[in-house]
Amino acid sequence: MTVIDATAAWLTDPANWTGPNGIPVRLAEHLGVSLVSLLIALAIALPAGLYVGHTRRGSGIAVGIANVGRAVPSIALIGLVLPITQAFDPARGFSLYPSVLAMVALAVPPILVNAFAGIRGVDAEVVGAARGMGLTELQILRRIEVPLALPVVLGGIRSAAVQVIATTTLGAIFALGGLGRYVVDGLAQNDDGMLFGGVVLVATLAMTAEGLLAGLQRLAAGATTGSGRRPRSRATLARPIAAP
Amino acid sequence: MIDWGWLADHVPALLYRTGQHLYLAAIAVAVGLAISLALGVLAARHRRLVLPFTFVADLVYTIPSIALFAALVVVVGLSVLTAEVPLVLYTLVILFRNVVAGFDAVPPDVRDAADAMSYSGTARLVRVELPLAVPLIAAGVRVAAVSTIGLVTISALLGDAFGGLGFFIFEGARRGFATEIYAGAIPTILLALAADRLFVRVQAWLTPWERRAQAEVVPG
């Protein structure tokens with residue numbers, strides 16, 4: 001039986017779609033961990049990014065945090081906190097807590113950097129005019145800066161979400177559920193069908209998330225610029241990845 | 001909490017794994033840079049190629065690393081290639097974009113001036129455009145090196161012969177042995193941070209004329 005046949009057989013076997021190890025349960029676990037991590041990261045990074053972008057205070061600290069966060073590998077971070085969280089809670093401390101923590105650390109840098117770079121990139125004259133019209137600082141942030149910076153801010157959330165969904169897979173190396181289970185268990189048990197079925201599921205999920213969020217970002221960009229299409233600048237053709 | 005005796009017994013293993021880690025990462029970044037430069041030059045000549053290349057690269061980047069490593073085992077079997085192919089693919093995503101952006105950042109006036117001085121296409125590319133593209137390419141190498149150092153740990157999934165320091169994280173987790181997990185995790189983090197700092201230096205050294213212009217935050 002070839003790999004493709006084995007994968008198709010595994011994916012279409014009704015037994016793999018039910019029970020506690022079934023695909024719906026694993027998918028729900030995967031999305032649950034990703035979503036919780038993303039919400040925690042948003043709650044931390046979004047206000048911080050908006051604050052730094054608006055006041056321009058503490059940008060050095062924000063860049064420093066983002067740099068370190070980007071440099072620390074997720075799996076090393078999981079390893080680092082695992083013995084500590086496990087001492088508190090032997091079950092979830094081995095799977096859930098370290099994974100969520102690592103995913104939060106993964107999601108914070110892109111959200112933080114984009115929020116603060118987006119707000120800072122808003123034309124200073126527009127902000128000055130709003131201030132001259134008597135808007136309070138909070139009104140300036142809410143009515144002027146956030147709407148204008150929305151596409152950039154959403155870009156950060158999108159890249160955080162896609163990275164988190166893709167990387168939640170790593171939790172399976174430890175005891176976390178989620179779709180990564182199939183990849184890790186399939187490899188360990190020499191079960192090519194399960195392994196490739198898992199690969200297909202995980203890749204499909206990550207690409208779907210990327211597609212959906214890209215669409216959302218385009219909608220938001222259309223809403224702020226007044227046209228449905230994002231102006232195709234050089235930046236959209238080849239978005240450079242540069243660290244500060 | 002830390003079993004110092006175990007650490008003392010495993011100094012040679014730690015050194016060996018650190019070496020393996022750097023070796024796997026260095027090959028991936030070097031090969032990735034070579035391919036990206038070739039593709040980038042091609043794309044600079046034929047703009048139509050940029051979008052499809054970027055699209056494919058973005059697609060690869062969304063595939064989770066453990067899925068790609070695991071898939072490679074079945075496709076090409078177990079060898080250094082199994083570890084290197086995914087690592088190189090991930091560096092391409094970062095490096096290709098930055099090479100293209102680097103060539104794009106060359107001011108048109110400079111290109112025209114080079115043409116007026118009758119530089120041939122290749123000479124213009126190597127002696128005029130490439131040096132001006134260095135800041136963005138170097139920034140890409142920095143990000144690629146740091147991310148590759150993280151990804152090398154995942155290759156431990158393939159078996160004990162791979163993974164660099166990731167070997168200790170995997171084995172430690174399997175055995176529930178905190179000291180061994182730390183022996184893998186802490187040096188990995190330090191290596192990644194050191195690579196980050198190192199490439200900031202390299203970047204500054206390669207582009208002395210940019211010394212005063214502070215590096216800016218570019219949203220990913």
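How many Å² does chain A expose, and what share of that do carbon and sulfur atoms supply? Chain A exposes about 11100 Å², and carbon and sulfur atoms supply 67% of it. The coordinates under examination are a predicted model, and the tour below passes through both chains.

**Stop 1: chain A as a whole**

Select chain A and display it as a cartoon. The chain contains 10 helices and 0 strands, so that, in the order of the sequence, its elements read α-α-α-α-α-α-α-α-α-α. Aligned to its principal axes, the C-alpha trace of chain A spans about 70 × 45 × 30 Å. Colour next by accessibility: 52% of the 244 residues of chain A count as buried. If contacts with a sequence separation of 6 or more are listed for chain A, residues 24 or more positions apart account for 73% of them.

Now show the charged side chains of chain A. There are 17 positive and 12 negative ones, and the centres of the two sets lie 14 Å apart.

**Stop 2: the loop before H3 of chain A**

Select Arg56(A), which is placed in the loop between H2 and H3 of chain A. Its backbone merits inspection. Most residues other than glycine have a negative phi. Arg56(A), although not a glycine, has a positive phi of about 60°. The relative accessible area of Arg56(A) is 48%, which means that the residue is classed as partly exposed.

**Stop 3: helix H3 of chain A**

Continue along the chain to residues 59-71 of chain A, which form helix H3. This helix has 13 residues, and the distance from its first C-alpha to its last is 18 Å, close to the 18 Å expected at 1.5 Å a residue.

Which residues of H3(A) are buried? Select Ala62(A), Val63(A), Ala66(A), Asn67(A) and Ala71(A). Because these residues cover an arc of only 160° around the axis, they are on the same side of H3(A). An α-helix has 3.6 residues a turn, so residues three or four places apart point the same way.

To see what covers these buried residues, bring in both chains. The cover includes helix H2 (23-55) and helix H5 (96-120) of chain A. It also includes helix H7 (121-154) and helix H9 (178-206) of chain B.

**Stop 4: Gly150 of chain B**

Remain with helix H7 of chain B and select Gly150(B), which is found there. Is this residue buried or exposed? Gly150(B) counts as buried, because its relative accessibility is 10% and the cut-off for buried is under 20%. Leaving aside residues up to four places away in sequence, Gly150(B) touches Pro73(A) and Ile75(A). For a distance within chain B, pick Ala204(B): its C-alpha is 24 Å from that of Gly150(B), with the two positions 54 residues apart in sequence.

**Stop 5: chain B as a whole**

Select chain B in full. It has 9 helices and 0 strands, and its pattern along the sequence is α-α-α-α-α-α-α-α-α. The C-alpha trace of chain B spans about 70 × 40 × 30 Å along its principal axes. Of the 220 residues in chain B, 50% are buried. Chain B exposes about 10100 Å², of which carbon and sulfur atoms supply 69%. Among contacts in chain B between residues at least 6 apart in sequence, 73% join residues at least 24 apart. With the charges displayed, 15 positive and 15 negative ones appear in chain B, and their mean positions are 6 Å apart.

**Stop 6: helices H2 and H3 of chain B**

Select Gly19(B), which lies in helix H2 (residues 11-45) of chain B. At 35% relative accessibility, Gly19(B) is counted as partly exposed. From Gly19(B), draw a distance to Ala30(B), 11 residues apart along the chain: the C-alpha atoms are separated by 16 Å.

Proceed to helix H3 of chain B, residues 50-62. It has 13 residues and reaches 19 Å from its first C-alpha to its last, close to the expected 18 Å. Its buried residues are Val50(B), Thr54(B), Ala57(B), Val60(B) and Thr62(B).

**Stop 7: Ser118 of chain B**

Finish at Ser118(B), in the loop between helix H6 (108-116) and H7 of chain B. Ser118(B) has a positive phi of about 55° although it is not a glycine. Its relative accessibility is 62%, and Ser118(B) therefore counts as exposed.

Key. Residues are numbered from 1 along each chain as its sequence is written. Chains are lettered from A and ligands numbered from 1 in the order in which they are written. This is a predicted model: local features need pLDDT of at least 70, side-chain atom pairs count only at pLDDT 80 or more; totals for chains, interfaces and linings use all residues. Side-chain values use heavy atoms; hydrogens and water are left out. Helices (H or I, at least four residues) and strands (E, at least two) are DSSP runs, numbered from the N terminus. The expected span of a helix is 1.5 Å times one less than its number of residues. Buried means under 20% relative accessible area, exposed over 50%, partly exposed in between (1.4 Å probe, protein chains only). The arc is that of the directions from the helix axis to the C-beta atoms. Contact means heavy atoms within 4.5 Å. Accessible areas come from the Shrake-Rupley method with a 1.4 Å probe; for residues, only the protein chains shown count as cover. Lys and Arg count as positive and Asp and Glu as negative; His and the chain ends are not counted. The place of a charge is taken as NZ of Lys, CZ of Arg, CG of Asp or CD of Glu.
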